[in-house]
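User: I'd like to learn how to read a few features of a protein model. Could you walk me through them one at a time?

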Amino acid sequence: MRAGLVWIVAIVAGIALVIGVTAAIGTSDDSGKTVTAGEWAQTACGAVGVWRGEMEDIVEELRTPSEFPASGAEEPQSETPQGRTGFVRIGLERAVRATDTMIEGIDNAGTPDTPQGAEAAKLVSDWSDSALDELEKAQDSLDEEADSLEDSITQLTDAARAIGAALASGVRTIAEVGRVDPAVAAAVQESSTCQQLREDTTTS
Amino acid sequence: MSTTDWILVAVQGLVVIGFIALGVRSGGIGLGLWGGVGTLVLVFVFGLDPGEPPISAILIIIAVVSAAAAMQAAGGVDYMVQVASKALRARPKALNFVAPYVSYLLTILTGTSNTFFSIIPVINEVAYANKIRPERALAGSTVANALGITSSPVAAATATLLPLVEIYNYDLIDVLLITIPASLIGIFAMSVVMSRYGTELDADVEYQRRLAAGEVQPPAPAADIVLMPFAKRSVAIFLAGVFAICLFGFVEGIRPTVAAEGGGVEPMSVTPLIQMIMLTAAAMILVFAHVKATDVPTTPIFRSGMIAMIALFGIAWMADTFIANNEDAIVQALGGLAENWPFMIAVAIFLVAGLTTSQSAATRTMVPLGLALGIGAGYMIAMWTAVVGVLFLPANGTQIAAAEADTTGTTNLGKRVVDHSFQVPLQICWIVTALAGLAIVWLFFGDQTPPPPVPATP
């Protein structure tokens, strides 16, 4: 009994230490604040880049479902890359969740302290909101009963197309930011996350 | 989700926990049977869609247990115990350190926890023969094995993580440079604690009861073991099988290819390879170690393996039925926790992994959230190791198989669901690994992302 209590206290203390260290590391929540264009570009491109990484994973799952569908699901803790079971609905649900997270990241980026900074930030924010709307709409459309097999296939292809459209419009939006504000454009040009994002989009 | 929905999810969760508790109290195949009842209640009473039973894991247990039981019938386990006992003669307790690191290495090489099934009986037998409380080595090895996923370049969870952190200039090598040293430290700390954990076998009440009841034989000194003629041969075949699995797991290029859905070919999954290789190893042992096929099912390893299989069938099916229907709610709740209190992100990763029993699900939901909250990518990689939390509830195959393999009864699945043998090593391991990882990032990586540029004056 006493040994059990000692363990509980030790574990709680350990978890508290992890929480304390994480709190000390801190976060960079700049939502509602004005930041330098460089900081804004770094955070915003980072959020879009992470989202893009998630979308890549989703598309890969949609493209290559399990090679052994007959063997049933793998036990989750032992799952392997080949064991995935990708479906359009699951992909869309994940895309909606990923976009929701990206919006959080873009909000946290704040507003660049440049003449057109607010407009540039709004452009990216509006895009992420509309991407979420489109994906949610596509997800809702799958809930509606199709009248025919043809309609059903159209629903599926439209849903898959929504993921592709969100991906393409995101890259376009980052490029458009440069046209709105040259100072932000310079920061986007220099930022390492934006550079990485550009590399990813040009190589894919 | 409405309040009613949340209440419903909570009630379903309590049903799952209740049936796990009932199963644990029954013991043996009771765990699987009560899991089946739980699945029935979730489907008929709550109207949930039935989840997927863990077919792959069950097939792997069948294949691995066949090979290990054939080896035992040939006297190979006795030989391994003798060799290990000689090697550990000076320091028998070193098993509590060696076994977890071997288990961890197996996962790194194959990218899956399933290979661990093959060494569970060996760890148990070696521990018992050396009068070491088997729980110490078995529980520690099970946790180390699960932790290996975050150190494996071929694991699904690692593949999920990489696209998320690449934007911050962290590639596979960077990830492994953080997770491997951190895990080695975490496993060491866990092993130190586990080597002193619990009473010695002589003082263990449950073991003494089993001994008195004749349910378990006293450990035979390694020197007294009389080896059967083909024992060494059976061990060589078994180890060759394990080695082949590791080789195929690590070097994707030598695996047979199968048609990819999107066109072209891709390497075959390691899961069916484990099944094929272990069944082949079992057959080879029958032929070359002259074991009668009828002797294999009479071995203790076969018996405990079959019990583990049934237990896993029911429990994992029930857990998957609950998780598949409620994953969104679980992620939403814990994601909300991290959004409101970003310093809770590591705990949230641990709990998502525990409640969804999926390292990949925890990775793809929690890591992007942490990054969006502005936590540095390196620090997120360090905290990602908390996905070892998949062992939080005693519903995983490796936990069930380890508990069933331990005939002394020291390795158990707990009486109150969370008080199982794996909980203390799990908590020590994830906490120390996460802290060590954070320290490694702070010391050696710093803010790997270059500082934001200063824009040119227009």
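User: Which helices of chain A each supply at least two residues of the negative patch?

Analyst: Happy to help! First, the ground rules: this is a predicted model, where local features need pLDDT of at least 70, side-chain atom pairs count only at pLDDT 80 or more, and totals for chains, interfaces and linings use all residues. Residues are numbered from 1 along each chain as its sequence is written, chains are lettered from A and ligands numbered from 1 in the order in which they are written, and side-chain values use heavy atoms, leaving out hydrogens and water.

A patch takes residues with over 30% relative accessible area and no salt bridge, joining like charges within 9 Å. A salt bridge means a side-chain nitrogen of Lys or Arg within 4 Å of a carboxyl oxygen of Asp or Glu. Asp and Glu count as negative, and the charge is placed at CG of Asp or CD of Glu. Areas come from the Shrake-Rupley method with a 1.4 Å probe. Helices are DSSP runs (H or I, at least four residues).

Here, α3 (88-108) and α4 (117-143) of chain A each supply at least two residues. The largest share, 4 residues, comes from α4(A). Members of the patch include D100(A), D129(A) and E339(B).

User: How exposed is D129(A)?

Analyst: D129(A), in helix α4 of chain A, is partly exposed, with a relative accessible area of 33%. Buried means under 20%, exposed over 50%, and partly exposed lies in between.

User: What describes a pair of aromatic rings?

Analyst: The distance of the centres and the angle of the planes. Rings of Phe, Tyr and Trp (its six-membered ring) pair if their centres lie within 6.5 Å; planes under 30 degrees apart are stacked, over 60 edge-to-face, and the rest tilted. The structure holds 9 such pairs over all chains. In one of them, Y128(B) and Y207(B) sit edge-to-face, 5.9 Å centre to centre with 80 degrees between the planes. This pair links helix α6 (residues 120-129) to helix α10 (residues 205-212) of chain B, its partners being 79 residues apart. Both Y128(B) and Y207(B) are buried.

User: Where do H290(B) and T357(B) lie, and what is the phi of H290(B) and of T357(B)?

Analyst: Most residues other than glycine have a negative phi. H290(B), in the loop between α12 (270-288) and α13 (300-340) of chain B, has a positive phi of about 55 degrees. T357(B) has a positive phi of about 50 degrees and belongs to the loop between α14 (345-356) and α15 (359-372) of chain B. H290(B) is exposed, at 52% relative accessible area, whereas T357(B) is buried, at 8%.

Methods:
Patch = residues over 30% accessible without salt bridge, like charges linked within 9 Å, V, L, I, M, F, W, Y side chains within 5 Å. Buried < 20%, exposed > 50% of the residue type's maximum accessible area, 1.4 Å probe, protein only.
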